[in-house]
Amino acid sequence: MKKRIPKRKKYIIFQIGIVFIVIYAILVLSVSALSWFSLRVQALYSELDAAYVDATEVSSKLEEYEAIPFLLKYWSEHPEILSSNLSTSKSTEEYLKNLDLSLIESASATQQRTYAIKSYYALSSVLDLIASIEKESLEGPFIVSIPAIGSNTLCYAPSDEYFDIGQTIDFSTVKYAVKNMDFVSKDEIVSRYLISIRSKTGSKEWAIYTPLTYDGKIIGLTIYLVDMNDLRHTSFVLSDAILKASIVLVFAIGLVLVLTLNQVIIKPLFLIQRSLRIYTESLDSDTFLQDISKIKSQNEIGRLADDMNTLVNRLVSYSQEKEHFVSEKVRLDSELALASEIQLSMLPADFPDPEVEKRFELYATMNPAKHVGGDLYDFFFIDDDHLALVIADVSGKGVPAALFMMHATTLIRDKAVTGKAPSEILTEVNNELYAQNKNKLFITTWLLIIELSTGKAFETNAGHEKPVICHQNGKYDFIKNKHNLALGVRSNIKLTDNELQFIPGDKLFIYTDGVTEATNADQQLFGTDRLLASLDQVVDKDQRTILENVKKNIDHFVGQAEQFDDITMLGFTYKSSTRKDSK
């Protein structure tokens, strides 16, 4: 039963699209988060750097005023006298620039108070002017005195929203400020002067400070407060803008990628799939090749289309070759059948009846392989007292081999009736075969002519297997006479005769190479040792039994392996010199 192929309705554009959307969603969120954090930190870095520059500039300017050290000292000692509520309308920088500290130190308390108030007016005016032009995100500057390590007294703040005059603030955390912060500036100098302080309301404020020095000593701090809420708001606005721009950009890129994916991959794949489906249904190769040629992609899809084009072309070529092969196989099968008929027709099937023929016993078999070969056996009387035995193996296969075998058999029979020796007969046969051997074939041949009245025999071996003889001692052994060249190889070959003397009871076994070269699944040959053992098992039996036992042992040895060559055997037993018609 044909297995039903399930229909697949999912489309690759949707499968890839879902994965693409998920990946891009993760990408957008990641980019947005990184952008927000980066902008937040960058904004803080920028503001802190700017505040540090401003504070440094203010400190540098204030260090030029000779009155600053006196003012800070007097302020820290008499905070009740100086107040942010004092009017600053009469301020002048002259009090800050032209004050002689040596004279102030020797002046009366009233004079010091006057100088301190006027200096305060001038300092307030300067700091208010600076504060009015600073960025909205910064509050300050303001000044803090440092009479001792630990708690410090606030001297001036332009906005009393955060601090009061004389308010004591603990700045001992300054040396731990970097450790306690959740961000650090890129500039190590700025980080070192970044602190966290609290206003009177308890709110935490970030501030940048720079030392205010005089005569190589720190006499105070110039501090800027940083408005974190304003910075965060600015960074959030920028992040939102970048986020929206990123979403639009990502969507545009995704749309372009999807369209490109559809154009470069999906459409060509769909065309290949549709063309293959149509081809499998109709086997119309022309339409398939026409459709597949529309794919012009210079990538793996294009190479896939080229490979499919090549595949279909080869399938078409294979189909044509297959049709030719089928027709050729039909012709060859017909030829092999004809060759088989020719071969079988040449083999004698009527063996002498043992009840009638008392002088000898003879039996032969031929088991063809799948492909018709050129094995043959033959026996015939030259006259009433001379019997010829022939076994041969043609080199080729099929009808040419069968015709060559038939021609050789006819020539041997024709030449044998002249009464010549086996070597002379085969020499003449060889010359005629060679002269007409257009297919360059050759035939190994063994010919024996025995005089039945005396048991005297002559044999000639033209390249064939060694015959096996069993004398009255009951053991088979090879006749180790000289071999000659096979027939049909070249003209005028020199052949020799070997004389044998049979006595009643002697047995002869002749075979083709299909016997000893029978091969099992392990590529082992049946060989001559197994052949002799098979013959000795039934040495006292008739020739039919002997040949059947050899064939049985061959089949058992070969097992399921294929037979590649014909197996031909001929057995002969010499019984007596009595003529068959004598009483």
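1. Which residues form one aromatic cluster? Phe360, Phe381, Phe502, Phe572 and Tyr574 do. The model is predicted, so treat each point below as a statement about a prediction.

2. Aromatic pairs. The count comes to eight, taking ring centres within 6.5 Å as the cut-off. One of them joins phenylalanine 526 and phenylalanine 557. The geometry is edge-to-face, with 5.7 Å centre to centre and 70° between the planes. Phenylalanine 526 sits in the loop between α13 (513-516) and α14 (527-537), while phenylalanine 557 belongs to helix α15 (residues 543-558). The pair therefore ties together parts that are 31 residues apart in sequence. Are the two residues buried or exposed? Both phenylalanine 526 and phenylalanine 557 are buried.

3. The sheet. It is open and has five strands. Their order is β8-β9-β10-β11-β14, and the pairing is antiparallel. The edges are β8 (375-383) and β14 (498-501). Each has a single partner strand, so one side of each is left without a neighbour in the sheet. On average, neighbouring strands are turned by 20° against each other, direction ignored.

4. The β11-β14 pairing. Strand β11 (residues 456-462) runs antiparallel to β14, and four bridges join the two. Within this pairing, lysine 456 stands opposite glutamine 501 of β14.

5. Helix α11 on the sheet. Which strands does α11 lie across? Helix α11 (residues 398-416) lies across β8, β9 (386-394) and β10 (443-451). It runs at about 15° to β8.

6. Helix α12 on the sheet. Helix α12 (residues 422-435) lies across β10 and β11. Its direction is at about 150° to β10.

7. Length check on α12. The helix has 14 residues, and at 1.5 Å a residue it should span 20 Å. The C-alpha atoms at its ends are 20 Å apart, which agrees.

8. The buried face of α12. Which residues of α12 are buried? They are Pro422, Ser423, Ile425, Leu426, Val429, Asn430 and Leu433. Viewed down the helix axis, the buried residues of α12 fall within an arc of 155°, so they line one face of the helix. An α-helix has 3.6 residues a turn, so residues three or four places apart point the same way. What do the buried residues of α12 pack against? Their partners are α11, β10 and β11.

Notes: Residues numbered from 1 in each chain as written. Predicted model: local features only at pLDDT ≥ 70, side-chain atom pairs only at ≥ 80, totals over all residues. Heavy atoms only, no water. Phe/Tyr/Trp six-rings, centres within 6.5 Å; stacked < 30°, edge-to-face > 60°. Buried < 20%, exposed > 50% of the residue type's maximum accessible area, 1.4 Å probe, protein only. Pairing = 2+ DSSP bridges. Axes fitted to C-alpha atoms, helices over the stretch in contact; angles between N-to-C directions. Contact = heavy atoms within 4.5 Å. Expected span 1.5 Å × (residues − 1). Arc of directions from axis to C-beta.
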